[in-house]
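Here is a walk through one protein structure. Keep the sequence and the 3D view side by side as you read.

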Amino acid sequence: MKAIMLPSSLLLLLGLSCVSPLEGSKPNFVLIMVDDLGIGDLGCYGNTTLRTPNIDQLAQEGVKLTHHIAAASLCTPSRAAFLTGRYPIRSGVAGYHRPGVFLFNAASGGLPGQEVTFANIAKQQGYKTALIGKWHLGLNCESSEDHCHHPGVHGFDYFFGIPLTNLRDCRPGHGTVFQFHKYIPYRGMAAALVAAGSLCHVGALNPRRGLVLGLGLLGVTALVTGLVGFVALMPYLNCVLMRNHLVVEQPFASENLTQRMTHEAVDFLERNSAGPLLLFFSFIQVHTAMFASAAFRGTSRHGLYGDAVHEVDWSVGEIMKTLDRLQLRETTLVYLTSDQGAHVEEISASGEVNRGWNGIYKAGKSTNWEGGIRVPGILRWPGNIPSGREVDEPTSNMDLFPTVVRLSGASVPVDREIDGHDLVKLLRGRVERSTHEFLFHYCNIYLNAVRWHPQNSSSVWKAFYFTPNFYPENETACFHTHTCFCSKGYVTYHDPPLLFDLTRDPSESTPLTPDKEPAFHSVLAAMEAAVEQHRRSVEPVESQMSRWNLMWKPWLQPCCSTLAQLCRCGRDEERDYHSENNV
């Protein structure tokens, strides 16, 4: 296998001063992220129609965070922030162009090598590390095998999963995410072609000009035909399953993928039970294309989406049983969350509603309304953090970075801005307030909203500088574009900003006004000062979300056979769990 050079940032880890973990020995970490799960989809957060007994038990045995915030409302930037403890704008995982995530395996953008993840640091501290499931942070830079953005470059000894995401295109009959047809003026093109022919026929249009116009329209038609053909190839190009650096299934079969991932997780825990270990289990469910194994189909009242939630809960239960069987319960910090809120616009190609529920919170994925970024946050570490505790202070998925780093015996890097805060004291009840005074909410590269929890107040203020234009207007979703966008023409700007007090109005139903809120102007002034200070701390970096970095490049396409064979293969039966890195 081709050798991979470690990024220069890893050299920094050699200089990190070590500190003793709080309990005198290094805990294991099992970090679980569900894709597009709504906070209202879990029984422990109020759902009464879906069965999630294993996740609910995890909450009963640990701490449940009820004001836990994803650092972004889309998959790619949220995961970058989770792994690095930094707002995605700091790593360049933000841009001006929609959709704000990677849509091709053969794109050149990704999590830059100079970024340091908690896996990088844990590995340096002697941990065996694994990522099982979804990555969605890039793969290649200059060739189809350089793997410059591969999880292995970012500290994971072992990888079994998909480098991109689970697109609609990955399941036959589920449609496509590439909705080019919505933006092509078929009728206008046909009318122009007919009109040009008619004008030429009656002599009203110079034949040469008519020929040029006709050829232009035919060229556009050929381009459209090419795009349709390209979309038809997406399952072969984008639906890729890898084991370490090897493509083992292309396109992958999703039906039993969660069960296969669960078995991989169990195997990793068994092989490394002597510890210390770090497992990042990144579910492909409940993102579309929706799927569930045969044993779970038809088990819920909410269609295939509910069936998938049931399978996720089963998988969590299997991992918890394995920790118990291996006697790792007391030595393992378990964390469960979602990368952002539920995708409320999600309706299948056949019309089946596949969206989750964000509870009382407004809107969903791709927005910074609470429904898009307030996510489950459950942590369990028996004997080290209390059971049955509920914390309603603002916390972030970025907080896992400093928490894991310090518990692993290392210090948080001081050569860069770290936006996450160590959670341990808050979890243990040694402090009652979060150390997050301000949280900044970006939509792509644009600062969309600010959250302020004043030190001398119980209020949590939130101000919006712009909000998405919903369609239809009576909905809290963007059904016309499938997700909400941040760019001009899709948003409404607010001056003064829309202001809410989330302690009084968690559903963000009624903006405050100066005549109803005496502190209106002083609150906005304090938030504006914080914004200016924050902006000064953001250093310019290369955008990983530029048009060039987002576009498909044939020379970067992973392919486990040949292009003539549409890259198809299925060779996961050749797996050797011990072949690489002995993890």
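The largest nonpolar core of this predicted model has 107 residues. Six residues have the most contacts inside this core: Leu-31, Ile-32, Phe-82, Phe-118, Leu-279 and Phe-281. Helix 10, residues 303-325, gives the most to this core. Its share is nine residues. In soluble globular proteins, nonpolar side chains tend to be buried together.

Which residues are in contact with Phe-281, leaving aside its neighbours within four places in sequence? The list begins with Leu-31, Ile-32 and Met-33. It goes on with Ile-132, Met-261, Thr-262 and Ala-265. Ser-315 and Ile-319 complete it. Leu-31 and Ile-32 also appear among the residues with the most contacts inside the core.

Apart from this core lies another one, of 28 residues. Among its members are Ile-69, Phe-440, Phe-466 and Cys-486. Two of these names lead on to parts treated below. Phe-466 falls within strand 15, which spans residues 461-468. Cys-486 takes part in a disulfide with Cys-443.

Now step back to the whole protein. It has 15 helices and 17 strands. Of its 583 residues, 58% are buried. The accessible surface comes to about 23,500 Å². Carbon and sulfur atoms account for 55% of that surface. Consider also the contacts with a separation of 6 or more: 74% of them are between residues 24 or more positions apart.

Next, look at strand 15. Is strand 15 largely enclosed or left open by the rest of the structure, and why? Eight of its eight residues are buried, so strand 15 is largely enclosed by the rest of the structure. Strand 14, residues 446-452, is joined to strand 15 by four bridges. These two strands run antiparallel. One bridge pairs Trp-452 with Trp-461, the latter in strand 15. Strand 15 is also joined to strand 16, residues 491-501. Here there are seven bridges, and the strands again run antiparallel. Phe-464 has Leu-498, in strand 16, as its bridge partner.

Helix 12 covers residues 400-407. It is mostly covered, with seven of its eight residues buried. Leu-400, Phe-401, Pro-402 and Thr-403 are buried. So are Val-404, Val-405 and Leu-407. Just after this helix comes Gly-409, which takes a positive phi of about 105°.

The disulfides come next. How many disulfides are there? The count comes to six. Number the bonded cysteines in sequence order, and the pairing reads 1-2, 3-4, 5-8, 6-7, 9-11, 10-12.

Take the link between Cys-443 and Cys-486. Their sulfur atoms are 1.7 Å apart. The link is left-handed, with -65° about the S-S bond. This pair links distant parts of the chain, 43 residues apart. Cys-443 sits in strand 13, residues 438-443. Cys-486 lies in the loop between strand 15 and strand 16. Why does Cys-443 count as buried? Buried means under 20% relative accessible area. Cys-443 is at 7% relative accessibility, so it counts as buried. Cys-486 is buried too, with a relative accessible area of 7%.

Cys-478 and Cys-484 form another disulfide. Their sulfur atoms are 2.0 Å apart. This link is right-handed, with 95° about the S-S bond. Cys-478 and Cys-484 are both buried.

The link of Cys-141 and Cys-148 is right-handed as well, with 95° about the S-S bond. Its sulfur atoms are 1.8 Å apart. Are these two cysteines buried or partly exposed? Cys-141 is partly exposed, because its relative accessible area is 30%. Cys-148 is partly exposed as well, with a relative accessible area of 21%.

Two more cysteines can be placed by the buried cut-off. Cys-44 has 13% relative accessibility, so it counts as buried. Cys-75 is at 2%, and therefore counts as buried.

Terms used
Residues numbered from 1 in each chain as written. Predicted model: local features only at pLDDT ≥ 70, side-chain atom pairs only at ≥ 80, totals over all residues. Heavy atoms only, no water. Buried < 20%, exposed > 50% of the residue type's maximum accessible area, 1.4 Å probe, protein only. Pairing = 2+ DSSP bridges. Contact = heavy atoms within 4.5 Å. Areas by Shrake-Rupley, 256 points an atom, 1.4 Å probe, with all protein chains shown as cover. Disulfide = S-S within 2.5 Å. Core = buried A, V, L, I, M, F, W, Y, C linked by side-chain atoms within 4.5 Å.
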